[in-house]
Amino acid sequence: MTTITAAASATSHSAPGRPRLTQARIVRSEWTKLRSLRSTLFTLLAAVLFVVGLGILISWGRASHWSQESPGDRFGFDPTNTSLSGTYLAQLAIGVLGVLAFSGEYATGMIRATLGAVPKRLPVLWAKAGVFAVVTFVLMTIAAIVAFLGGQAMLSAKHIQTNLTHPGVLTAVIGAGLYLTVVGLLGVALGALLRSTAGGIATLFGILLVLPLIVHFLPSNWSRHIERYLPSNAGQSIINVVHDPSAMQPWTGFFLFLGYAVIAVAAAALVLVRRDA
Amino acid sequence: MIEVRGLTKRYGEKIAVSDLSFTVQPGIVTGFLGPNGSGKSTTMRMIIGLDRPTAGSVTVDGRRYRDFAAPLTEVGALLEARAVHTGRSAFNHLLALAQTHGIPRRRVDEVIDLVGLAEVARKRAGGFSLGMGQRLGIASALLADPSTFILDEPVNGLDPEGIRWIRNLLKALAAEGRTVFVSSHLMSEMALTAEHLIVIGRGRLIADTSVEEFVRRASGTVVRVRTPQASKLRDLLISADVTVTSVVSDTLEVTGLPSERIGEAAAGAGVTLYELTPQQASLEEAFMDLTRDAVEFHGAASAGAAAALEGQV
């Protein structure tokens, strides 16, 4: 077996620095993992298409029917939010992708290789969450800007458009990227907590989509006080420019949503360190 | 060197590993032997910190695995269940592992060539055969050129050529002074590869011995004698330390006497012998003997057969 010795000696002079774990290197590894799965690329592409395509399509629809709309329909029309409506669909793709960051590794057994290489474990969670957050924020914010510009172009046919200099508009456009990023982080945390793709996805969308429906059925003097604090309602208040008085203020709502995600990530960290892989 | 001290792992009510202590020395291949479900995989997972011991400790070269600054350069592990994302190519899988430690990309290509996966390295690992999966696992173990190797059932799913390749690889790694710890449930495989054996059953240590010693102990003291005067010879030989059983009417199996003494006794009494053969108990049988009480799941058929045999004797 001369090859073994050859290979062994090769490392000793081919390594520029001594091999060693660092947080930056673990981040790089997680970036490689993210970009080397075809499913990730397709899902991200789908999310971009949802935000851009749906935003422009719905803006076009509103504009082309504007002249037939009653004053009641027109009341509270939010041109920014209309052009960002694809966000509500894109959250499905981003959420699933977030859950898969960990659950995909548990399902395939990859997690054993990952935690074998990084036995302290927490750096993996920080790296996964960080890489996922940056990628999602950059892509989704760009998509939101494109959707906004495309959507306003559609709405300008009826002169009902807005622009980025209007108060709250820029916040809402960037807010769409921020909202989707936090949805992804919640997914990452739930994937690490539950270790199951199905369980993680069900829990995530149970919280984001089903919980508001259930609260809606409560007696209205209860639901009135609860609704605005629900994760998705709080988070989505940043995407609205024309404000529903019962909703939270844009940044207050967003930071509450972020707070929920931080709690989920902290719980994931605790479980990741404590439980056997 | 791997040092296991009082290692215990409990999953709820079930004890997987119980107060296990042994040392794995560098420079030789050490086999880790035990029936399925005896705690081998659990022990190996605890060595690299995937499972947390309920009690006791395990160190590699004097330190806990999680305390190493570059764990992959200390221990290369191949665990039984596949540890590869099925959607990722072999190259990207190894690259992602290498990047955590800043190991250069060139080394990834080197280990891919070394295990013979160059042609499929860019294909999704989900399509790999069991043997290719094992080779990929071995590539990841070799990646950081570690001083200790832990391999759980590495020959599973390999063809004869692959099995021989692993055998030679392990011996070569040990010859370079590395610690090589390999589990198997097949004694015959270990006899060809290992110099030292750690045998466990139901999570407890059964034997910690050199293969040579194990073979010596195993190769029986049973001598097969064929003679037309079987009953006369039996009366002649039988004593407190010697047992004689009869398989066929003219054949005896003598335990507790070397063949020379049986021959002399027969000559002295004028008994004719047709055959006088010391029986080599196979390693597999010795292993079965050793672990019989420790096997988790007895096949119903074999248990029945054993009972039937006992009835005959």
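1. Two residues are in contact when they have heavy atoms within 4.5 Å of each other. By that rule, among contacts in chain A between residues at least 6 apart in sequence, 77% join residues at least 24 apart. The model is a predicted one, and what follows should be read with that in mind.

2. Chain A contains 13 helices and zero strands. Its pattern along the sequence is accordingly written α-α-α-α-α-α-α-α-α-α-α-α-α.

3. On overall dimensions, the C-alpha atoms of chain A fill a box of roughly 85 × 45 × 30 Å along the principal axes. Chain A has 277 residues, and 50% of them count as buried. The area that chain A exposes comes to about 12500 Å², with carbon and sulfur atoms supplying 70% of it.

4. A nonpolar patch lies on the surface, made of A:L89, A:L92, A:L209, A:V210, A:L213, A:I214 and A:F217, and together these residues have about 650 Å² of accessible area. Two elements of chain A, helix 6 (87-108) and helix 10 (197-216), give two or more residues each to the patch. Helix 10 of chain A gives the most, with four residues.

5. Is A:L89, a member of this patch, buried or exposed? A:L89 sits in helix 6 of chain A. With a relative accessible area of 30%, A:L89 is partly exposed, because that class covers values between the 20% limit for buried and the 50% limit for exposed.

6. Chain B holds an open sheet of four strands in the order 11-12-10-13, with antiparallel pairing. At its edges are strand 11 (243-246) and strand 13 (275-278) of chain B, each of which pairs on one side only. On average, neighbouring strands of this sheet are turned by 20° against each other, direction ignored.

7. Which strand of chain B do five bridges join to strand 10? The partner is strand 12 (residues 251-255) of chain B, which runs antiparallel to strand 10 (residues 222-226) of chain B. Within chain B, B:V222 stands opposite B:T255 in strand 12. As a general matter, strands of a sheet pair through backbone hydrogen bonds, either parallel or antiparallel.

8. Two helices of chain B lie across strands of this chain. Helix 9 (residues 230-237) of chain B lies across strand 10, strand 11 and strand 12 of chain B, and runs at about 10° to strand 12 of chain B. Helix 10 (residues 259-269) of chain B lies across strand 10, strand 12 and strand 13 of chain B, and runs at about 160° to strand 13 of chain B.

Terms used:
Residues are numbered from 1 along each chain as its sequence is written. Chains are lettered from A and ligands numbered from 1 in the order in which they are written. This is a predicted model: local features need pLDDT of at least 70, side-chain atom pairs count only at pLDDT 80 or more; totals for chains, interfaces and linings use all residues. Side-chain values use heavy atoms; hydrogens and water are left out. Patches are made of residues with over 30% relative accessible area and no salt bridge: like charges are joined within 9 Å, nonpolar side chains (Val, Leu, Ile, Met, Phe, Trp, Tyr) within 5 Å. Accessible areas come from the Shrake-Rupley method with a 1.4 Å probe; for residues, only the protein chains shown count as cover. A salt bridge is a side-chain nitrogen of Lys or Arg within 4 Å of a carboxyl oxygen of Asp or Glu. Buried means under 20% relative accessible area, exposed over 50%, partly exposed in between (1.4 Å probe, protein chains only). Two strands pair if DSSP finds at least two bridges between them. Axes are lines fitted to C-alpha atoms, for helices over the stretch in contact, and angles run from 0 to 180 degrees between N-to-C directions.
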